[in-house]
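Me: I am new to this structure and would like a close look at a single part of it. Please take one buried charged residue, go through its surroundings, and then place it in the wider model.

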Amino acid sequence: MKVAVAGCCHGALDKMYETLELLQRRHNVRPDLLLCCGDFQAVRNEADLRCMAVPPKYRQMQTFYRYYSGEKKAPVLTVFIGGNHEASNHLQELPYGGWVAPNIYYLGYAGVVRFRGVRIGGISGIFKSHDYRKGHFECPPYNQQTIRSAYHVRNIEVFKLKQLKRPIDIFMSHDWPRSIYHYGNKKQLLKMKSFFRQEVESNTLGSPAASELLQHLKPTYWFSAHLHVKFAAFMQHQTNSKEELPKATKFLALDKCLPHRDFLQIIDVEHDPSAGDSLEYDAEWIAILKATNSLVNVTQSSWNMPEKNGLHAKWDYSVTEEAIKEVLEELNHDLKIPCNFTLTAACYDPSKPQKHVEPVHTINPQTTEFCARFGLIDINDRIQQAKEEGSVRGEYEEEEEEEEMDSTGSAEEPSEYNTDNSGLSSINPDEIMLDEEGGDEDLSTCSVDPSPDHPPDFSASFSDIRIMPDSMAVSSDDAMDSTNEELEKTGVSKQVAEKSLNERPLKRIGGNENGNSGIKKIKRRNQAIYAAEDEDKTE
């Protein structure tokens with residue numbers, strides 16, 4: 001079957017679906033499924049806009065609300081994961097996944113589903129080490145910290161996904177797996193994005209959690225977005241034994257959804273011709289959710305997942321064939337995901353703007369039904385209970401402890417990433433402000449452009465095969481081992497590298513807390529999250 005894969009959508013659903021229709025008219029290519037790798041921006045109304053971690057000028061309604069209201073319907077089944085520019089309050093209603101609109105399905109914090117026999121998994125958000133070991137404690141209304149931490153990947157989701165034993169066909173993450181750039185045209189990547197060089201050379205670009213999952217799951221395809229550049233790689237995995245068949249992963253990062261940008265890719269995926277056309281639950285994933293249900297945490301205290309270190313009575317939460325069989329029997333072997341989409345918020349009305357509506361914490365009936373069906377904890381209900389009991393708040397306390405203790409009693413290690421708790425009115429600290437002139441060309445020979453006269457060819461994206469050496473393997477916990485001295489050293493070298501490698505001037509992004517408004521600051525390397533034509537207007 002044909003699967004379309006899109007990068008950062010940024011709410012431009014009309015543009016995305018119009019491009020698919022154009023492909024059908026010009027090349028007779030009609031995808032059976034559309035996958036979106038985050039920054040989907042399922043914004044229903046003005047309150048949702050207030051829950052997006054972006055500067056106010058980028059809080060634009062876009063077109064999702066028309067699909068939410070029923071005015072329009074997605075012409076193809078769409079499955080997406082969350083990124084770092086989302087209406088977090090909306091997606092938080094569906095921690096285990098669910099329909100955000102008819103024919104548009106969100107995978108949840110992490111999830112696995114099936115379509116026509118193809119097994120599709122994904123993890124939402126981006127990696128930040130200082131939030132990685134916390135529970136999902138955030139809820140609207142968010143403050144300037146929780147509006148960001150709400151979309152940060154947590155160790156429990158990675159732990160659940162690592163319990164999977166059966167093969168995964170397709171996996172999605174928003175940020176790239178760390179080290180993946182060593183398996184594609186790295187020279188061309190650095191030519192286009194020279195400000196990546198320091199992190200590429202120090203092997204710190206991307207998510208160590210995603211890298212850990214890539215090494216464990218070894219999916220046939222892995223798709224990402226986030227950095228707004230197209231990049232293909234081919235990784236040949238090492239085998240654990242002579243009996244194990246070699247596995248390889250085709251990786252592709254997609255550009256953002258904008259006119260004249262290569263944001264869409266069509267691939268052919270082997271499927272089960274006898275399978276139905278409905279999106280289905282994955283029995284092994286449901287069994288894993290049931291097995292790990294006791295690990296759900298809704299506090300902001302840092303804690304570690306169970307591991308074989310003598311501190312935990314149980315550390316293996318993978319499931320048996322018997323447990324999977326029990327799930328199938330519970331469902332009477334009917335794995336079809338019910339089409340139970342429900343409106344849970346008022347839809348945007350252009351004729352009646354409501355700019356001052358505050359977001360509220362909502363319990364979604366889809367999640368209530370899902371949890372009741374499989375005997376799972378409703379995370380949002382647990383947060384509500386905890387708030388009422390006064391043991392946890394939806395916001396950070398004004399005076400938070402400088403060091404938090406994890407479940408083993410050790411202080412949380414410092415993050416290797418620079419963090420920033422400045423207000424949202426100026427800049428999102430997950431990004432930097434850099435010009436991106438000349439950065440729209442492809443990193444591979446394949447493309448899906450609405451205007452070409454030739455159909456897309458995915459196979460041309462991958463040119464060579466490389467095996468990851470053991471020394472390059474990355475664990476998500478490795479990102480928490482650096483000392484303050486190393487951080488300071490990294491910060492200095494990064495500034496030197498940026499200055500020498502970029503002839504284009506850095507854009508000013510306002511003053512810092514010391515009032516040095518004239519200093520050019522580098523927040524992070526994934527710049528140009530929004531429309532390219534707006535970049536020259538950014539201060």
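Reply: E86 is buried but forms no salt bridge. The nearest side chain of opposite charge belongs to R44, and that side chain is 11 Å away. A salt bridge needs a side-chain nitrogen of Lys or Arg within 4 Å of a carboxyl oxygen, so R44, at 11 Å, does not supply one for E86. This is a predicted model, and the values here are computed from it.

What does the side chain of E86 reach? One partner is the backbone nitrogen of G83, at 2.8 Å. Another is the backbone nitrogen of F40, which lies 2.9 Å from a polar atom of the E86 side chain. The cut-off for a polar contact is 3.5 Å, and both distances, 2.8 Å for G83 and 2.9 Å for F40, fall within that limit.

As for its place in the chain, E86 sits in the loop that runs between β3 (78-80) and α4 (88-92). Setting aside neighbours within four places in sequence, E86 is in contact with G38, D39, F40, Q41 and A42, and also with C51, M52, I81 and L91. F40 therefore appears both in this contact list and as a polar partner through its backbone nitrogen, the cut-off for contact being heavy atoms within 4.5 Å.

The helix that follows this loop, α4, also takes part in the largest cavity. It gives 3 residues to the lining, which is the largest share. The lining has 19 residues in total, and Y106, Y109, S124, A150 and Y151 are the ones nearest the centre of the cavity. The space inside is about 210 Å³, and the count of cavities of 30 Å³ or more is 8.

On the other side of the loop, strand β3 (78-80) leads to another buried residue. L34, in strand β2 (residues 33-36), touches T78 and V79, along with V76 and L77. Its other contacts beyond four places in sequence include A4, V5, A6, M16, Y17, L20 and L264. L34 counts as buried because its relative accessible area is 0%, and the cut-off for buried is under 20%. L34 and L20 are 14 residues apart in sequence, and their C-alpha atoms are 9.3 Å apart.

A further buried residue in a loop is H237, found between β10 (231-236) and β11 (248-253). Its relative accessibility is 8%, so it counts as buried. The side chain of H237 makes a polar contact of 2.7 Å with the side chain of T249. H237 also touches L214, K218, K247 and A248.

Two other loop residues have a positive phi without being glycine. H228, between β9 (221-224) and β10, has a phi near 55° and is buried at 0% relative accessibility. N103, between β4 (98-101) and β5 (104-106), has a phi of about 75° and is partly exposed at 23% relative accessibility. The loop between α5 (129-132) and α6 (146-149) holds P141, and the peptide bond from P140 to P141 is cis.

For the wider setting, the protein has 15 helices and 14 strands. Of its 539 residues, 58% count as buried. Among contacts with a separation of 6 or more, 81% join residues 24 or more positions apart.

Key
Residues are numbered from 1 along each chain as its sequence is written. This is a predicted model: local features need pLDDT of at least 70, side-chain atom pairs count only at pLDDT 80 or more; totals for chains, interfaces and linings use all residues. Side-chain values use heavy atoms; hydrogens and water are left out. Helices (H or I, at least four residues) and strands (E, at least two) are DSSP runs, numbered from the N terminus. Buried means under 20% relative accessible area, exposed over 50%, partly exposed in between (1.4 Å probe, protein chains only). Lys and Arg count as positive and Asp and Glu as negative; His and the chain ends are not counted. A polar contact is a pair of N or O atoms within 3.5 Å; within protein, one must be able to donate a hydrogen and the other to accept it, and residues adjacent in sequence count only if both atoms are side-chain atoms. On a 1 Å grid over the protein atoms alone, a cavity is a set of points where a 1.4 Å probe fits but cannot get out, and a pocket is an open set with protein on both sides within 12 Å along at least five of seven lines; lining residues have an atom within 4 Å of a point. Grid points are joined across faces, edges and corners, and a volume is the space filled by probe spheres set on the points.
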